[in-house]
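Reader: I am new to this structure and would like a close look at a single part of it, the aromatic rings and what surrounds them. Please take me through it slowly, starting with the cysteines.

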Amino acid sequence: MQICKINQDRLRDALELVWEVFEKYEAPDYEEMGIATFRHFIEYHNMVEKVHQGEMKFWGCYLNNYLVGVIALRTGQHISLLFVRDKFHHLGVARKLINVAVDAVAMENPQIRAVTVNSSPYAVGFYKKLGFVPLGPEQRADGIRFTAMRLVI
């Protein structure tokens, strides 16, 4: 497996992977408004602008040039997207992607001492295993259910 930055040429593939995994594992926990909010958030024209402005950074995990996982950081230290194709769950892909993102945060700005995520209900246990701590109870915003979490680095 190889992890590398995702540029504009591969962004569409990354967003398609995100939607595919979201539909299967996340959407069942969301109401229609939340699904629509998420779909709008990951639209290519929205994301490509955020990437150009430096607001979002994407990395992908590839196996023989096949994209198996994606992570995106927003505003420097917030994990905004983390999705792995279902055939590759429990193989360490998400953990490797998080390690790359955390390393990037530490290298780009050593003063940052924590990485944050708004975890879906599906992923809270996974993040806890990696050392993330919930910052409060589950919340809802625009139909999206999440638990704000933080990992001290």
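Author: The model is a predicted one, and it holds 0 disulfides. Cysteine 4 takes part in no disulfide, and the nearest cysteine sulfur, which belongs to cysteine 61, is 8.9 Å away. Seen from the other side, the sulfur of cysteine 61 has its closest cysteine sulfur in cysteine 4, and because the two are 8.9 Å apart they are too far for a bond, given that a disulfide requires the sulfur atoms to be within 2.5 Å. The surroundings of these cysteines can be stated as well: cysteine 4 is partly exposed, with a relative accessible area of 23%, whereas cysteine 61 is buried, with a relative accessible area of 0%.

We can now turn to the rings. A pair of aromatic rings is described by the distance of the centres and the angle of the planes. The count comes to 8 aromatic pairs, and one of them joins phenylalanine 22 to phenylalanine 38, a stacked pair with 4.0 Å from centre to centre and 10 degrees between the planes. Phenylalanine 22 belongs to helix α1 (residues 8–26) and phenylalanine 38 to helix α2 (residues 32–41), so this pair ties together parts that are 16 residues apart in sequence. Phenylalanine 22 and phenylalanine 38 are both buried.

Phenylalanine 38 also pairs with phenylalanine 83, and here the ring centres are 5.9 Å apart with the planes at 55 degrees, so the pair is tilted. This pair links distant parts of the chain, since phenylalanine 38 is in helix α2 while phenylalanine 83 is in strand β4 (residues 78–84), 45 residues apart. Phenylalanine 83 is buried, as is phenylalanine 38. Through ring pairs, Trp19, Phe22, Tyr30, Phe38 and Phe83 are linked into a cluster.

Rings also meet charges in this model. The charged end of arginine 10 sits over the ring of tyrosine 62, at 4.5 Å from the centre of that ring, and arginine 12 lies over the face of tyrosine 44, 3.7 Å from the ring centre.

Finally, there is the helix packing to consider. Two packed helices are described by the angle between their axes and the distance between the axes. The axes of α1 and helix α3 (residues 44–52) come within 10 Å and cross at roughly 135 degrees. The two helices, α1 and α3, are therefore oblique to each other, and the crossing in which α1 passes α3 is right-handed.

Definitions and conventions:
Residues numbered from 1 in each chain as written. Predicted model: local features only at pLDDT ≥ 70, side-chain atom pairs only at ≥ 80, totals over all residues. Heavy atoms only, no water. Buried < 20%, exposed > 50% of the residue type's maximum accessible area, 1.4 Å probe, protein only. Phe/Tyr/Trp six-rings, centres within 6.5 Å; stacked < 30°, edge-to-face > 60°. Helix = DSSP H or I, 4+ residues; strand = E, 2+ residues; numbered from the N terminus. Lys NZ or Arg CZ within 6 Å of the ring centre and 35° of its normal. Axes fitted to C-alpha atoms, helices over the stretch in contact; angles between N-to-C directions. Parallel < 35°, antiparallel > 145°, perpendicular 65-115°, else oblique. Left-handed = near helix turned anticlockwise from the far one by under 90°.
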